[in-house]
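Let's work through some exercises together, one step at a time. Keep the sequence and the 3D view at hand.

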Amino acid sequence: MCGIVGYSGPITVSNKPLEVCLQGLSRLEYRGYDSAGVACVGPHMDQVALDKKAGRLSVLEEDLKLHPLPEAQVCIGHTRWATNGEPNDTNAHPHLSKDHKIAIIHNGIIENAVRLKFELQSEGYSFTSQTDSEVAAKLLGRIANVIIEETGKPNLFEAMRRLGKMLDGTFAILAVDVRQPDVVCAIRRDEPLVLGLGDKETFLASDVTAFISYTKHALEIGQDNAVMVQGDTIVVTDFDGNKVTPKEFTVDWDASAVEKSGWDSFMKKEIHEDPAAVRETLMSRFDLDGNIKLDEVHIDEKLFKTIDRIVIIGCGTASYAGQVAKYAIEHWVRIPVEVILSHEFRYSDPILTPQTLVVAISQSGETMDTLMAIRHAREQQATVLSICNTQGSSIPRESDAVLYTHAGPEIAVASTKAFVAQITAEYLLGLYLAQVKGTLFHDEINGILSSLRAIPEKIDWILKHDSESIQDVAQKLVSQQTFLFLGRNVGYPVALEGALKLKEIAYTFTQGCAAGELKHGPIALIEENVPVIVIVPSACDRNVLHSKVISNIEEVKARGAYTIAIAEEADPDVERYADVIFWRPQCPTLVSPLVDVVPLQLFALYMAEAKQLDVDKPRNLAKSVTVE
Ligand code: M6R
């Protein structure tokens, strides 16, 4: 949830450490934006220099202009999504040791903080904040002083290792100490941490977006590892001090991908990247004969042949992408597919066997609920394949295999291009299974792949032709309090996704439901002018499904609803019954979610804009949910 960043550069002091951290924080602000803070250390400092403020990063930046920090050799910075203690200046990070010689920033939750705090209080320590992180700061200060007593010199690295062993819960902690002014140390458990390898300098951060303008070369830091960084010298060990060799990787996108590049918001930019997300995810996954090749997945074809059941896990948008794929994979591969919300998975005591393939979907690769579900699945001997958008993140690292989506970094809290990329990757997986199990003929697979390859152009068509009318309708409906979203079959998860988008960024009460369920309750919500958005399937491809949905439109219309349809071009039945239609080009029903969702993404965006809300950073939310 929180974003952390650190920098250690050449021996000379300068403003660069602070600049790097502030730029990193602006890139990580999507992870949390309740408060922000920085701490700097340079030679001859007696105490850490720091500043921290409640509110957005801009509040801190303004304060730093009024009260500049001294030039430094190292810096750490934090942007917070509050878990322990309300968002205010005091609870903001960094937190200090008792003597103010050490500062830490923390992402995660320390579960034994209450007991540790009690022990420290009994030794005379006092606390100013309500956070668990301050407990870690005070404890680290105490450990560091014990080491100085034992050895006669400071050793922040060893102090951090000892701290790591004493903490329960989850953490990525960065620390600086005025007695080692060129060093930044870190420890991590179950929270993300990557290192960026620069020229005579090293960056530490929750994810690579923080330092992508400086370097594309990065290291993944493993579970229960400690790191010492001094300029470009990096030492990584476990908590017992045994050396560890971290895995190096190269980021495959540019700094421009995390810039707005002229767009009003990241969300708008990312919706316009939907076509590229589908195209890139399909790319380079075929051999010369057109067969699907998933070599990167490193799962033996023989194992794939034995898979007799799939369980898809994910949260929010990722779980809806899973629900879409269920329809397609069951149809193509003829094996049962179950979709379970990650946070419900372990507690539902799922039936898993070595023949069960668990597919974990996550844009960020850091969603804690999904990570915990993966661990449970692997303990039960199931094979876990993750579908993920973020290199170097925890979920692919802890899975047996990974199929990356190539949507590029997604910054807006509301997920858009990741959704279409996730469906594309799941479809590739489904078709691959159909190929190895022989449940579809080669030409059938090719036919579906052709429809998938045609999707980017169809999305472009929607972006070009529908945007204006969607914006007009959003402006007209801006004061509506309730929206109902209806869909059947693959249109049902699309309705759920549309409802989630509008809810999370426009703060409108929405209900997504299966159109057939309407008569079993939700229809009671319909009164004069309540807007109902309906995903209408193709009349050519699925006639029966189509006529059922048309009947649903008639039912709500008869009760006064204002009906908005997402429908295939030139569908005469829709024209007869819907008040407004957002057209989409023709495509087979199973691939239609990839296009149907686009008007819904745009609608949520324009509603939030019409309400003058911060589209990219909706209240109470964070991009990456790294606590359970
Ligand atoms: O990073 P993940 O894909 O694991 O995130 C899962 C959900 O938290 C995420 O999709 C969330 O629902 C989005 N804010 C929806 O727009």
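**Exercise 1.** Find how many salt bridges the rule counts, then work through the pair E150 and R162.

*Solution.* Step 1: a salt bridge is a side-chain nitrogen of Lys or Arg within 4 Å of a carboxyl oxygen of Asp or Glu. By this rule the count comes to 37. This is a predicted model, where local features need pLDDT of at least 70 and side-chain atom pairs count only at pLDDT 80 or more, while totals for chains, interfaces and linings use all residues. Residues are numbered from 1 along each chain as its sequence is written, and side-chain values use heavy atoms, leaving out hydrogens and water.

Step 2: E150 and R162 meet at 3.1 Å, N to O. E150 lies in helix α4 (residues 132-151) and R162 in helix α5 (residues 156-166), so the pair ties together parts twelve residues apart in sequence. Helices here are DSSP runs (H or I, at least four residues), numbered from the N terminus.

**Exercise 2.** Describe the salt bridge between E273 and K417, and decide whether K417 is buried or exposed.

*Solution.* Step 1: the closest approach to use is 2.7 Å, N to O.

Step 2: E273 sits in the loop between α6 (266-272) and α7 (274-282), whereas K417 belongs to helix α13 (residues 417-437), so the bridge links parts 144 residues apart in sequence.

Step 3: buried means under 20% relative accessible area, exposed over 50%, and partly exposed in between (1.4 Å probe, protein chains only). With 2%, K417 is buried; with 22%, E273 is partly exposed.

Definitions and conventions
Helices (H or I, at least four residues) and strands (E, at least two) are DSSP runs, numbered from the N terminus.
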